[in-house]
Amino acid sequence: MTSMPMTSLMEDAANGARERARAAMAVPLGFASPLWFAFGAAASIGVTWWWMTRWTKAVNLEAMTPHASAAPILTMAELAPGAEIAPEPTLAADLAVAAVEEIPAIEKLAIETVEPVAAPEPDDLTRLVGIGPKLADALAARGVTCFSHLAAWTADDLATIDAALSLKGRAVRDAWVAQARRFAAQVN
């Protein structure tokens with residue numbers, strides 16, 4: 001058996017390494033790589049799934065808008081056009097004393113002319129998003145039976161009811177006050 005010289009073995013090894021490197025470089029890398037197509041397909045499926053789940057999810061737009069429940073601050077001139085605001089504190093104090101003196105006459109008149117008013121018929125509070133039958137019963141036990149009662153709630157009332165019934169912010173999140181105002185306007 002003839003032995004090959006050492007340089008010939010090294011050249012063959014180097015040539016083999018070059019051929020393997022050329023073969024490895026012949027695999028499409030970069031834009032034409034099949035891995036990019038697989039990644040693109042997976043990303044497209046993920047984005048499609050995200051949009052499908054977002055579009056089918058119910059969104060309460062009233063809860064996302066800033067609270068419009070705060071009444072605008074009006075000046076005396078806006079409340080009673082043509083009425084003048086008392087420029088001096090002493091004049092305002094005199095008007096207050098005169099008004100207090102007229103109270104017994106007004107109370108007497110009010111007592112004579114007031115007729116008993118029937119309690120309003122309770123509304124179906126379960127029409128509001130987030131209120132079920134059990135929660136409607138719990139609200140009725142606290143005297144809240146009409147949309148107008150809910151529509152008149154302040155932030156403090158919301159916090160009190162939220163703590164008392166363990167709502168965990170549901171009343172604010174589902175915008176019960178805004179919904180109740182809309183239903184109360186429809187009833188009237």
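**Figure 1. Overview of the chain.** Of the chain's 188 residues, 15% count as buried. The model shown here is predicted. Its secondary structure comes to 10 helices and 0 strands, so a walk along the sequence reads α-α-α-α-α-α-α-α-α-α. About 15,100 Å² of the chain is exposed, and carbon and sulfur atoms supply 67% of that area. Among contacts with a separation of 6 or more, 52% come from residues 24 or more positions apart.

**Figure 2. The largest nonpolar core.** Let us step inside, to a core of 21 residues. Leu125, Ile131, Leu139, Leu150, Trp153 and Trp176 have the most contacts within this core. Helices α6, α7, α8 and α10 each supply at least two of its residues, and α10 gives the most, with 5 residues. Isoleucine 131 is a good place to pause: setting aside residues up to four places away in sequence, isoleucine 131 touches Leu125, Thr126, Ala136, Leu139, Leu150 and Trp176.

**Figure 3. Helix α8 and its two sides.** Which residues of helix α8 (residues 155–165) are buried? They are Leu158, Ile161, Asp162 and Leu165. Looking down the axis of α8, these buried residues fall within an arc of 105 degrees, so they line one face of the helix. A general rule helps here: an α-helix has 3.6 residues a turn, so residues three or four places apart point the same way. The buried residues of α8 pack against α6 (133–141), α9 (170–173) and α10. On the other side of α8, Asp156, Thr160 and Ala163 are exposed. Just after the helix comes serine 166, with a positive phi near 55 degrees.

**Figure 4. Alanine 171 in helix α9.** This view centres on alanine 171, a residue of helix α9. Is alanine 171 buried or exposed? With a relative accessible area of 4%, alanine 171 is buried, because residues under 20% count as such. Leaving aside neighbours within four places in sequence, alanine 171 is in contact with Leu158 and Trp176. Glycine 130 is 41 residues away along the chain, yet its C-alpha atom and that of alanine 171 are separated by 7.6 Å.

**Figure 5. Two aromatic pairs.** The structure holds 2 aromatic pairs. Tryptophan 50 and tryptophan 51 form one of them, with 4.8 Å from centre to centre and 80 degrees between the planes, an edge-to-face arrangement. Tryptophan 50 is partly exposed at 43% relative accessibility, and tryptophan 51 is partly exposed too, with a relative accessible area of 40%. Phenylalanine 147 and phenylalanine 183 also pair: their ring centres are 5.0 Å apart and their planes meet at 25 degrees, so this pair is stacked.

**Figure 6. A closer look around phenylalanine 183.** Where do the two phenylalanines lie? Phenylalanine 147 belongs to helix α7 (residues 147–151) and phenylalanine 183 to helix α10 (residues 176–187), so the pair ties together parts that are 36 residues apart in sequence. Both phenylalanine 147 and phenylalanine 183 are buried. Phenylalanine 183 has a charged companion as well: the charged end of arginine 182 sits over its ring, 5.5 Å from the centre.

Methods. Residues numbered from 1 in each chain as written. Predicted model: local features only at pLDDT ≥ 70, side-chain atom pairs only at ≥ 80, totals over all residues. Heavy atoms only, no water. Phe/Tyr/Trp six-rings, centres within 6.5 Å; stacked < 30°, edge-to-face > 60°. Buried < 20%, exposed > 50% of the residue type's maximum accessible area, 1.4 Å probe, protein only. Helix = DSSP H or I, 4+ residues; strand = E, 2+ residues; numbered from the N terminus. Lys NZ or Arg CZ within 6 Å of the ring centre and 35° of its normal. Arc of directions from axis to C-beta. Contact = heavy atoms within 4.5 Å. Core = buried A, V, L, I, M, F, W, Y, C linked by side-chain atoms within 4.5 Å. Areas by Shrake-Rupley, 256 points an atom, 1.4 Å probe, with all protein chains shown as cover.
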